[in-house]
Every structure is written in C-alpha cells, then in structure tokens.
Amino acid sequence: MNDRRIIIPDDMRLLSERAGYAPAVKVGKTLYCAGQVGRTPELAVIEDPEKQFRAAFENLRQVLAAGGCNFEDVVDMTTYHVDLQRHMPIFRAVKDEVFPRSTCAWTCIGVSELARPGLLVEIKCTAVQR
C-alpha cells in the first residue's frame with residue numbers, strides 16, 4: 001500500500017501551481033516539508049527581515065498543520081540564510097519566540113541567494129506525527 005500524500009495548504013495553491021512543487025509530502029507519519037520563505041499568499045517577498053522571518057515560520061506552521069503536524073513534531077530543520085551573520089540575531093530571536101527550543105536537530109547554512117531576490121531565509125524540515 002502506498003500511503004504517500006501531497007500536502008498543499010489552501011493559501012499555497014497559487015504557489016504550488018506556479019512553481020510546480022508540493023509544499024510537503026506525507027509518507028506514513030513522516031511529513032517532508034519543502035523550504036518555506038517569508039512571502040505573502042500572493043507571492044510578494046516581505047522586505048522587513050523580522051517580518052519576513054515571522055512569515056516564513058507562519059508558512060511552515062501552515063504546511064505542518066495541513067499535514068497533521070505542528071512545531072513540536074519537527075525532528076530535523078535546516079535553515080538557509082542570505083547574509084547569515086548580519087541577520088542571525090534577528091532570526092534567532094524570532095525562532096526562539098515562535099518555535100520550541102532544543103526540540104529538533106537544526107542545521108543553519110549561509111547561502112549567496114535564494115529563489116527570489118530579497119528572500120533572506122528558507123526553512124526546510126521533517127516532522128513525525130505523534
């Protein structure tokens with residue numbers, strides 16, 4: 001039996017159609033989330049770094065919820081950062097406020113650019129539904 005399901009939150013249908021990807025794939029109790037960024041449902045990049053980071057976590061929360069998970073179910077997270085050292089204090093403050101501390105493996109990677117100009121972070125994770 002193949003229990004693989006494509007997960008697309010309602011607010012991400014436009015993105016999924018335009019970009020041709022699934023925000024997440026669920027296999028059994030494991031949810032594989034594609035990287036989430038700080039953009040609006042209309043795909044506009046949010047310019048303010050703190051607001052962009054909050055939106056990225058909110059977009060991730062929506063993907064997790066659509067797959068029957070939440071932040072506490074995340075077991076592995078990778079974040080990709082443009083200008084990592086400059087924005088890390090703000091990112092960490094937002095993360096510590098909205099995401100449970102010390103509950104998953106976290107890898108943080110500096111990159112030169114992301115999919116669209118102005119994006120500062122992309123958050124990718126794997127969650128296991130309890």
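The radius of gyration of the protein chain in this predicted model is 14 Å, which agrees with the value near 14 Å that a compact globule of 130 residues would have. Taken along the principal axes, the C-alpha atoms fill a box of roughly 45 × 35 × 20 Å. Of the 130 residues, 43% count as buried, and the accessible surface of the chain comes to about 7100 Å², with carbon and sulfur atoms contributing 50% of that area. Among contacts with a separation of 6 or more, 71% are made by residues that lie 24 or more positions apart.

The protein chain contains three helices and six strands, and their order along the sequence follows the pattern β-α-β-β-α-β-α-β-β.

A search of the whole structure for aromatic pairs returned six. In one of them, the rings of Phe 71 and Phe 99 have their centres 5.0 Å apart and their planes at 55 degrees, so the pair is classed as tilted, given that planes under 30 degrees apart count as stacked and those over 60 as edge-to-face. The pair links distant parts of the chain, the two residues being 28 residues apart: Phe 71 is located in the loop between helix H2 (49-66) and strand S4 (74-82), whereas Phe 99 is located in the loop between helix H3 (84-98) and strand S5 (105-111). Both partners fall under the 20% cut-off for burial, since Phe 71 has a relative accessible area of 11% and is therefore buried, while Phe 99, with a relative accessible area of 2%, is buried as well.

Phe 71 and Phe 99 also belong to a wider cluster, in which ring pairs link them with Phe 53, Phe 57, Phe 91 and Trp 106. Trp 106, a member of this cluster, is in addition covered on its face by Lys 95, which lies at 4.5 Å from the ring centre.

A further position examined was Asp 11, which is found in the loop between strand S1 (4-7) and helix H1 (13-19). With a relative accessible area of 40%, Asp 11 is partly exposed, because this value lies between the limits of 20% for buried and 50% for exposed residues. When residues up to four places away in sequence are not counted, Asp 11 touches Pro 41 and Gln 62. The C-alpha atom of Asp 11 is separated by 28 Å from that of Leu 84, a residue 73 residues apart from Asp 11 along the chain.

Key:
Residues are numbered from 1 along each chain as its sequence is written. This is a predicted model: local features need pLDDT of at least 70, side-chain atom pairs count only at pLDDT 80 or more; totals for chains, interfaces and linings use all residues. Side-chain values use heavy atoms; hydrogens and water are left out. Rings of Phe, Tyr and Trp (its six-membered ring) pair if their centres lie within 6.5 Å; planes under 30 degrees apart count as stacked, over 60 as edge-to-face and the rest as tilted. Helices (H or I, at least four residues) and strands (E, at least two) are DSSP runs, numbered from the N terminus. Buried means under 20% relative accessible area, exposed over 50%, partly exposed in between (1.4 Å probe, protein chains only). A charge sits over a ring if NZ of Lys or CZ of Arg is within 6 Å of the ring centre and within 35 degrees of the ring normal. The radius of gyration is taken over C-alpha atoms; the globule rule is 2.2 Å times the number of residues to the power 0.38. Contact means heavy atoms within 4.5 Å. Accessible areas come from the Shrake-Rupley method with a 1.4 Å probe; for residues, only the protein chains shown count as cover.
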